[in-house]
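User: Could you take a close look at one part of this model for me? I'd like to start from a single helix and see what surrounds it.

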Amino acid sequence: MRILLIEDDTRAAEYLVKGLRECGHVVDHAADGHDGLHLALTGRYDVIVADRLLPGRDGLSIVRMLRADNNATPVLVLSALGEVDDRVAGLRAGGDDYLTKPYSFAELLARLDALCRRRQPYVAERAMQVADLVLDVHGQTVTRAGHPIRLQPGEFRLLEFLMRHADQVVTRTMLLEQVWDFHFDPHTNVIDVQISRLRGKIDKDFQPPLLHTVRGAGYKLSESP
Amino acid sequence: MNRPRLLRTTALRIALRYLLAYALVLGAALGAMFWWTQGRHDTQRDAALKAELSRLVDAAHGSAGATLADAIAARMAQPTNTHLYLLVAADGAVLAGGWLRWPEDVDADGDVHRQWIDEELLPPGRFDDDAYLPVAASRLEDGRRLLVAAVVDQPGALYESAEYLLESLPLALLLALAIGAHTAYAILRRMDVIGRTAGEIMGGDLSRRVPVWGHDDEFDALALRLNAMLDRVQQLVRGMREVTDNIAHDLRSPLARLRNQLEVSLLERRSAEDYRNTLARAIDDCEQLIRTFNALLGIAQIEAGSRRGEWTTVDLGALADDLAELYAPAAEDKGQTLLRDNGRGVTVAGSRQLLAQALGNLLDNAVKYTPEGGTIRLRVGRVDGAPCISVADSGPGIPATEREHVLERFVRLQDSRDATGNGLGLSLVKAVAAMHKAGLTLSDAHPGLIVSLRFADRAA
């Protein structure tokens with residue numbers, strides 16, 4: 001991915017750039033809002049990461065300028081302001097995702113990946129398939145290797161989300177936010193338990209396993225680990 | 001109190017304005033009264049004047065020439081006489097009345113006219129100057145002319161009272177001024193007290209309050225309002241202070257642990273595996289720190305009421321379903337049963353996220369403290385019409401004496417030491433309940449604990 005990082009905290013930017021490059025991405029860095037907007041308007045990026053509070057021009061106004069220029073590059077807004085109101089403001093300004101500091105690097109990576117792939121033309125498929133696992137959205141049915149699998153409504157939504165993001169790492173927070181629409185820390189490992197339950201239904205009696213745990217990050221549904 | 005400030009006060013300005021209005025109205029009333037009384041007086045006097053003239057004329061017709069002069073002399077001699085008389089012969093010689101001569105331009109038609117009379121014509125001693133007098137004159141058949149004039153005498157009583165009023169006016173003004181000044185002073189004094197209190201509060205003493213005077217007036221209403229505001233401010237500040245203390249208390253030790261752990265790992269050359277483990281542990285510690293920090297901040301934000309933007313209508317039944325779905329597998333993993341008692345169409349005004357977080361904390365606690373084979377019951381319904389949601393478990397419960405205590409921050413009961421958690425779960429529930437104006441009660445489930453949130457009745 002080609003990533004533009006607009007972040008004024010030089011130390012944070014330093015290891016974000018390092019981390020993203022080590023993960024195989026091409027990263028440009030702008031240390032203030034003006035440079036950031038200039039790069040965003042002139043360069044071609046798959047995704048932009050913009051800090052909300054920047055010298056010169058704040059992150060939200062960069063997003064607005066981009067959208068006004070018909071630039072649809074996905075933007076992830078980073079912010080130290082974590083209230084739901086701030087989040088709503090960030091998304092309303094045209095941001096595609098919002099991440100509150102402090103966040104984990106794995107969370108950032110997973111979300112950037114999700115944003116980037118979402119950009120590719122998305123067809124509202126009737127059925128989705130990963131290896132021999134098939135999910136029929138309209139019929140609300142799941143089969144693996146032709147055998148029907150009975151899922152609870154919550155499990156179905158969880159699997160649907162994982163299949164839409166097949167081959168991507170999804171974090172626990174992403175699942176909690178996008179499958180259950182809860183934006184809080186549930187303390188206990190409710191998501192892990194949900195995943196292991198789902199795994200018991202789709203992976204236990206079949207080979208190869210499809211639902212993988214990615215250490216320190218989250219989960220991934222894919223044919224290969 | 002310095003004078004210029006008193007003079008600048010609204011009360012005094014109002015007093016002065018009333019004073020002016022009072023003076024104007026008084027003047028107008030006096031003028032009207034004067035005009036009206038004068039008119040009546042004049043009419044009466046003119047009638048009397050005319051009657052006197054005709055009486056004298058009648059007397060002249062019925063008697064000899066000398067008699068009229070005598071009659072005039074007799075009248076003038078009376079002490080109560082208020083008229084001037086003049087009788088002249090046909091050739092103009094003055095016969096009676098003591099005048100110098102007949103004044104010109106007097107219509108001898110028997111009617112009353114008001115006229116200026118030169119001083120020199122008038123009988124000496126009565127006037128110092130030309131006089132403007134009501135005069136009635138008549139020509140007798142033998143050519144003599146008779147004139148009667150009224151000595152203009154203003155209605156004395158009226159004049160006197162008007163004079164009193166005019167004399168008392170400065171006194172009234174002074175009195176009004178004094179009352180205005182007193183009122184202004186009283187208001188200023190009370191405002192000063194409020195100002196002084198504000199100053200003391202700004203100086204850092206948040207416990208100061210504006211005194212309530214007990215007059216049940218606007219100032220008391222203002223004082224009560226200000227005090228209510230100060231109570232709220234103090235509560236918020238206390239909350240903030242608590243948060244700071246708690247952060248100091250609860251974040252310092254894990255931060256120290258984190259730091260020392262990293263320092264120790266740098267003391268000697270270690271294997272890559274060792275470093276990796278240390279770093280992984282450090283990340284876990286960070287995670288825990290962030291959680292505690294977020295929980296504290298979240299509670300503070302809720303208590304400060306800064307999350308009102310998320311307010312919507314929340315369907316408690318649907319929310320409970322979502323939460324039950326999320327937590328049920330975790331409960332089942334511990335061999336517990338999570339039951340959902342349905343209450344459809346029970347809605348409250350509130351924040352879905354915060355209510356979910358509060359209920360999530362309760363479910364989390366229930367899963368943590370309920371033994372294997374236990375039951376957790378999530379119930380939504382109405383109690384006496386009021387929306388109600390409760391979480392009951394079949395765990396050890398909380399002794400009645402400890403129930404208030406556990407709602408405080410960082411409290412974990414002795415026997416739950418082993419369980420993980422930061423001790424902030426219930427204080428968040430408490431803050432969310434307070435924000436939604438819902439009653440939070442902890443009671444005995446025989447066995448176990450019931451935590452219920454009872455909202456204000458919206459159906460009523």
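What follows is a request about one helix, and then a connected answer. How many of the 18 residues of helix 8 of chain B are buried, and which elements give two or more residues to the side of chain B that touches chain A?

Analyst: Happy to walk you through it. Please keep in mind that this is a predicted model.

Let's begin with the helix itself. Helix 8 of chain B covers residues 352-369. With 18 residues at 1.5 Å each, this helix should span 26 Å, and its end C-alpha atoms are 25 Å apart, which agrees. As for burial, 15 of its 18 residues are buried, so helix 8 of chain B is largely enclosed by the rest of the structure. For the background, 23% of the 460 residues of chain B count as buried.

Next comes the core. The largest nonpolar core has 107 residues, and Tyr327(B), Leu363(B) and Val432(B) are those with the most contacts inside it. Helix 8 of chain B supplies the largest share of this core, 10 residues. Tyr327(B) is a good residue to follow from here: leaving aside residues up to four places away in sequence, Tyr327(B) touches Leu338(B), Leu363(B) and Val367(B), and also Val190(A) from the other chain. Apart from this core lies another one, of 22 residues, which includes Ala60(B), Ala96(B), Trp99(B) and Val135(B).

That touch on Val190(A) leads to the contact between the chains. Here 22 residues come from chain B and 17 residues from chain A. On the chain B side, the elements that give two or more residues are helix 6 (272-303), helix 7 (316-333) and helix 8 (352-369). Helix 7 of chain B gives the largest share, seven residues. By type, the chain B side divides into seven nonpolar, eight polar and seven charged residues.

Across in chain A, Val190(A) is one of the buried residues of helix 8 of that chain, together with Ile191(A), Val193(A), Gln194(A), Ile195(A), Leu198(A) and Ile202(A). This helix of chain A runs over residues 190-202; its 13 residues should span 18 Å at 1.5 Å a residue, and the end C-alpha atoms lie 19 Å apart, which agrees.

Chain A also holds an open sheet of four antiparallel strands in the order 6-7-8-9. Strand 6 (127-130) and strand 9 (147-149) of chain A are at its edges, each with a single partner strand, so one side of each has no neighbour in the sheet. From one strand to the next, the twist averages 25°. Strand 7 (residues 133-136) and strand 8 (residues 141-144) of chain A run antiparallel and are joined by four bridges, with Asp136(A) opposite Thr141(A).

Finally, back to chain B for its wider setting. Its secondary structure comes to nine helices and 12 strands. Among contacts in chain B between residues at least 6 apart in sequence, 65% join residues at least 24 apart. Val135(B), named above in the other core, stands opposite Ala149(B) in strand 5 of chain B. Strand 4 (residues 131-139) of chain B pairs with strand 3 (residues 109-117) in the antiparallel sense over seven bridges, where Ile117(B) has Ala131(B) as its bridge partner. Strand 4 of chain B also pairs with strand 5 (residues 145-150), again antiparallel, over five bridges. In the hairpin of strands 4 and 5 of chain B, five residues lie between the strands, and Gly143(B) takes a positive phi near 95°.

Key:
Residues are numbered from 1 along each chain as its sequence is written. Chains are lettered from A and ligands numbered from 1 in the order in which they are written. This is a predicted model: local features need pLDDT of at least 70, side-chain atom pairs count only at pLDDT 80 or more; totals for chains, interfaces and linings use all residues. Two strands pair if DSSP finds at least two bridges between them. Axes are lines fitted to C-alpha atoms, for helices over the stretch in contact, and angles run from 0 to 180 degrees between N-to-C directions. A residue is buried if 20 or more other C-beta atoms lie within 10 Å of its own, exposed if 12 or fewer, and partly exposed in between; C-beta atoms are placed from the backbone. Two residues are in contact if their C-beta atoms, placed from the backbone, lie within 7 Å. Ala, Val, Leu, Ile, Met, Phe, Trp, Tyr, Cys and Pro count as nonpolar, Asp, Glu, Lys and Arg as charged, and the others, Gly among them, as polar. The expected span of a helix is 1.5 Å times one less than its number of residues. A nonpolar core is a set of buried Ala, Val, Leu, Ile, Met, Phe, Trp, Tyr and Cys residues joined through C-beta atoms within 7 Å.
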